Amino acid sequence: MTAVRRLAPLLGIGVIILYCLAPFYWMVVSSFRRTSDIFDMSVLPSPWSLENYQAVFSGQNQFTRALLNSLVVAGVTTACTVLLGTLAGYALARLDFRFKNLVLALVIATSMFPGISLVVPLLKLFSEIGWIDSYQAMIVPSMSFALPLAVWNLTTFFRQLPVELEEAATVDGCTRGQAFRKVILPIALPGVFTTTIIVFVVAWNEFVIALSMVSKPEMQTATVRISQFAGFAGYDSPFGTQMAAGVIVTVPLVIAVLLFQRWIISGLTSGGVK
Amino acid sequence: MAALLLSPTLLVLGLVVGYPLLAAFRESLYRGGDALDADGFMVSGDRFVGLDNYTEALGSRFWTAFGNTSFFTFTTVAIEVVVGTAMALVMHKVIRGRGLVRASILVPWAIPTAVSGLLWRWIFQSDGVANEVLATDLLWTSDRWAAKIAVIIADTWKTAPFVGLLVLAGLQLIPNEVNEAARLDGAGAWQRLWRVTLPLVKPALLVAVLFRLLDALRMFDLPFVLVGPQKGSVETLSMLAWSEANQVRYGPAAAYSVILFLYVVVIAFVFVKMLGADLLGDKRKKGASA
């Protein structure tokens with residue numbers, strides 16, 4: 001009985017890790033197989049091959065450009081929303097004003113908005129003003145989900161900071177603005193940083209907006225580009241190439257997640273549970 | 001001061017959410033393209049058609065998409081809540097290997113949905129690893145029910161760990177003494193779970209479930225990549241609206257997206273007003289300070 005008691009949690013842990021990582025592992029393993037033995041079921045590729053990675057970056061896929069596009073779209077979206085979110089988050093957490101709960105509820109409500117309801121009218125608008133196939137056509141709609149996320153995360157974060165620090169700064173003669181810049185912002189940096197990572201991951205993973213607003217292959221983001229790989233040498237479903245591209249798109253995120261897991265988890269859960 | 005800090009955010013939200021919402025409502029009452037008017041003359045441009053887009057939208061393709069959306073939403077969220085809660089209970093128990101579990105649980109969250117769609121399409125190939133492991137011979141992506149199940153499995157994989165994280169955070173707020181007291185009163189492990197732990201994580205769970213429901217209602221990327229566009233077996237309302245807009249039929253597309261929006265509003269209303277999901281965290285905070 002005691003042995004079971006001791007082993008059961010370990011077993012549970014093993015199951016969870018297997019559940020989370022096995023499909024990802026299969027993607028990585030498949031990406032290192034040769035096209036000729038892509039259907040092998042062995043646990044490790046034999047022999048290892050970089051064929052798929054070469055195919056990903058072959059000219060017709062324009063994958064380097066797609067990665068760059070993703071970086072621009074997700075980067076600009078994140079920078080804008082974290083900046084606006086820091087200001088709004090501070091106001092919502094610290095200042096007293098009328099309609100505060102209304103604003104908060106509004107922010108949450110917008111984050112629940114189905115993306116397609118924005119895409120349809122914006123698609124029509126953007127084709128009328130000639131924005132199709134441009135970065136701004138992806139960045140502006142992306143703010144619709146990124147901004148509420150940033151505001152909400154930062155609001156909960158600012159709320160956790162001690163009010164006394166700010167009060168002490170004002171007593172010492174700081175204006176509100178100075179107190180914000182010199183006292184609050186430095187200690188809020190971890191929260192801002194966590195929010196930046198979370199928003200960037202979500203913006204990087206965006207699909208439906210990028211799919212709808214862009215039709216030229218050279219303007220597509222990486223997530224859209226991968227789903228439309230024609231394959232090299234005329235294979236109808238170039239799975240090896242797709243898996244390799246999937247690994248390239250995912251690995252930076254996975255590394256970031258591993259490095260900052262503690263912060264990310266606190267950021268993700270504070271919005272939902274606090 | 002507050003107005004100064006908040007106005008940029010509200011302005012942006014108004015432009016990227018408020019304006020499109022109103023535009024979608026307006027658009028759903030119009031129809032573009034050429035048509036014959038009452039006297040038999042050709043007219044071009046947008047015409048006001050009242051509720052025609054809605055009455056015509058309610059055809060069999062709509063009801064299939066509506067059924068798929070509801071089916072996916074309620075089954076995936078139900079499974080994710082059970083699996084996620086189980087994961088959270090396990091993670092709450094262990095001390096060793098916690099870092100490793102937390103890191104691996106974030107991997108499905110970090111993978112782009114489009115990539116996970118491809119990943120699962122590869123796993124569900126007719127001569128892929130799923131059929132090998134399960135010793136089955138299913139055509140996962142073309143058979144009606146197998147395709148639905150494939151979408152559910154792939155979605156559960158990606159989001160159950162996320163639910164697990166939220167529930168774990170809720171579990172960690174429960175003071176140890178509560179469980180200890182129940183044990184001294186003679187409650188068994190099972191009773192403690194049902195009578196003490198679960199009721200106490202209910203607020204956290206309710207918020208997690210609401211977020212998941214609304215996210216599942218707008219499901220698009222996963223069936224789109226895993227099975228493909230315009231497949232009746234897995235087409236959701238988002239996909240239907242997208243495919244209409246893609247064929248420059250903005251009126252019907254807007255009608256579908258408005259219907260989806262109203263669906264989301266109804267679910268959110270039920271959760272917040274009737275089940276008391278505490279989104280702002282107000283009640284709990286007040287309760288704690290009182």
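Leaving aside its neighbours within four places in sequence, which residues is B:V167 in contact with? I will come back to that once the setting is clear. What we have here is a predicted model, in which local features need pLDDT of at least 70 and side-chain atom pairs count only at pLDDT 80 or more, while totals for chains, interfaces and linings use all residues. Residues are numbered from 1 along each chain as its sequence is written, and chains are lettered from A and ligands numbered from 1 in the order in which they are written.

Let me start with chain A, whose secondary structure comes to 12 helices and zero strands, where helices (H or I, at least four residues) and strands (E, at least two) are DSSP runs numbered from the N terminus. Its C-alpha trace spans about 70 × 70 × 30 Å along the principal axes. Of its 274 residues, 47% count as buried, a residue being buried if 20 or more other C-beta atoms, placed from the backbone, lie within 10 Å of its own, exposed if 12 or fewer, and partly exposed in between.

Turning to the interface, 73 residues of chain B are in contact with 73 residues of chain A, contact meaning that the C-beta atoms, placed from the backbone, lie within 7 Å. On the chain B side, helix α1 (residues 2–27) gives the most, with 14 residues.

Now to helix α7 of chain B, residues 144–171, whose 28 residues should span 40 Å at 1.5 Å a residue, and whose end C-alpha atoms, 39 Å apart, agree with that; the expected span is 1.5 Å times one less than the number of residues. There is nevertheless a kink of about 35° at B:W157, shortly before the proline B:P161, the bend being the angle between axes fitted to the seven residues ending there and the seven starting there. The helix is mostly covered, with 21 of its 28 residues buried.

That brings me back to B:V167, which, its neighbours within four places set aside, is in contact with B:G84, B:T85, B:A88, B:V201, B:A204, B:L205 and B:A208. B:V167 is also, with A:V120 and B:A241, among the residues with the most contacts inside the largest nonpolar core, which has 160 residues; such a core is a set of buried Ala, Val, Leu, Ile, Met, Phe, Trp, Tyr and Cys residues joined through C-beta atoms within 7 Å.

Finally, B:A78 lies in helix α3 (residues 60–93) of chain B, and counts as exposed because it has 12 C-beta neighbours inside 10 Å.

Technical notes. Contact = placed C-beta atoms within 7 Å.
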